[in-house]
Amino acid sequence: MVSSLDDLYKDIILDHYRHPRNRGVVDNPDAATRGHNPLCGDELELSLRLDGDRIAEVKVLGKGCSISQASASMMTERIKGKPLAEVREVVALFKGMLLEDRELAEQEYETLGDLEALEGVKGYPVRIKCALLAWNTLLEALELKAKSAGAQT
């Protein structure tokens, strides 16, 4: 059973790597930033457009290992159309899954959905930064947006 589950997870990651979702650049983005992992050379550019407190559109362009690119693709699918509060919850859960030494609850795995496939990265500490690159870049983009909104008021 574990082997077939591992195979399923590998298939999900490879599918997102080979067929990335939401690839490109958002026209007239509300926030855009670049992320880079100097340890392995992963790079990405994330752009997003908001509709009120929801992520209306999010796109990523990048190059790098299968883990970084699959994680970015999976992230865009999970956060697109979601309110920022939910996005921040998913980011915290995903980062917690990879960085904390605890087992997630069933409900937390349900919240993550297919992102659970990346949990195996935890066993390869050098690859954790690859999986987190898009997520940290997203947080940076949201922070930049919040700062620019604060400066306009």
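## Exercises on a three-stranded sheet and a loop asparagine

Arg34 stands opposite Glu45 in strand 2, and this pair, taken from a predicted model, is the starting point for the exercises below.

**Exercise 1.** Work out in which sense strand 1 and strand 2 pair, and over how many bridges.

*Solution.* Begin with the residues that face each other: Arg34 has Glu45 opposite it in strand 2, while the bridge partner of Thr33 in that strand is Leu46. Then turn to the strands as a whole, where strand 1 (31-37) and strand 2 (residues 42-51) are joined in the antiparallel sense over 7 bridges. Finally, look at the connection, a hairpin with 4 residues between the strands, in which Gly41 takes a positive phi near 90°.

**Exercise 2.** Describe how strand 2 continues into strand 3, and identify which residue in the turn has a positive phi.

*Solution.* Strand 2 and strand 3 form a hairpin that leaves 2 residues between them, and the residue in question is Gly52, whose phi is about 70°. The two strands pair over 9 bridges, again in the antiparallel sense, and one position to inspect is Leu50, whose bridge partner in strand 3 is Ile55.

**Exercise 3.** Establish the strand order of the sheet, and explain why one side of strand 1 and of strand 3 is left without a neighbour.

*Solution.* The 3 strands are arranged in the order 1-2-3 as an open sheet with antiparallel pairing. Strand 1 and strand 3 (54-63) are at the edges and have a single partner strand each, so one side of each lacks a neighbour in the sheet. On average, and with direction ignored, neighbouring strands here are turned by 20° against each other. To complete the picture, add helix 2 (residues 66-79), which lies across strand 2 and strand 3 and runs at about 170° to strand 3.

**Exercise 4.** Decide whether Asn22 is buried or exposed, and find which side chains make polar contacts with its side chain.

*Solution.* First place the residue: Asn22 belongs to the loop between helix 1 (2-18) and strand 1. Its relative accessibility is 19%, and because buried means under 20%, Asn22 counts as buried. Next list its surroundings, which, leaving aside residues up to four places away in sequence, consist of Val58, Lys59, Val60, Thr76, Glu77 and Lys80. Two of these residues are also polar partners through their side chains: the side chain of Asn22 makes a polar contact with that of Thr76 at 2.9 Å, and another with that of Lys80 at 3.1 Å.

Terms used: Residues numbered from 1 in each chain as written. Predicted model: local features only at pLDDT ≥ 70, side-chain atom pairs only at ≥ 80, totals over all residues. Heavy atoms only, no water. Buried < 20%, exposed > 50% of the residue type's maximum accessible area, 1.4 Å probe, protein only. Polar contact = N/O pair within 3.5 Å; in protein donor to acceptor, adjacent residues only side chain to side chain. Contact = heavy atoms within 4.5 Å. Pairing = 2+ DSSP bridges. Axes fitted to C-alpha atoms, helices over the stretch in contact; angles between N-to-C directions.
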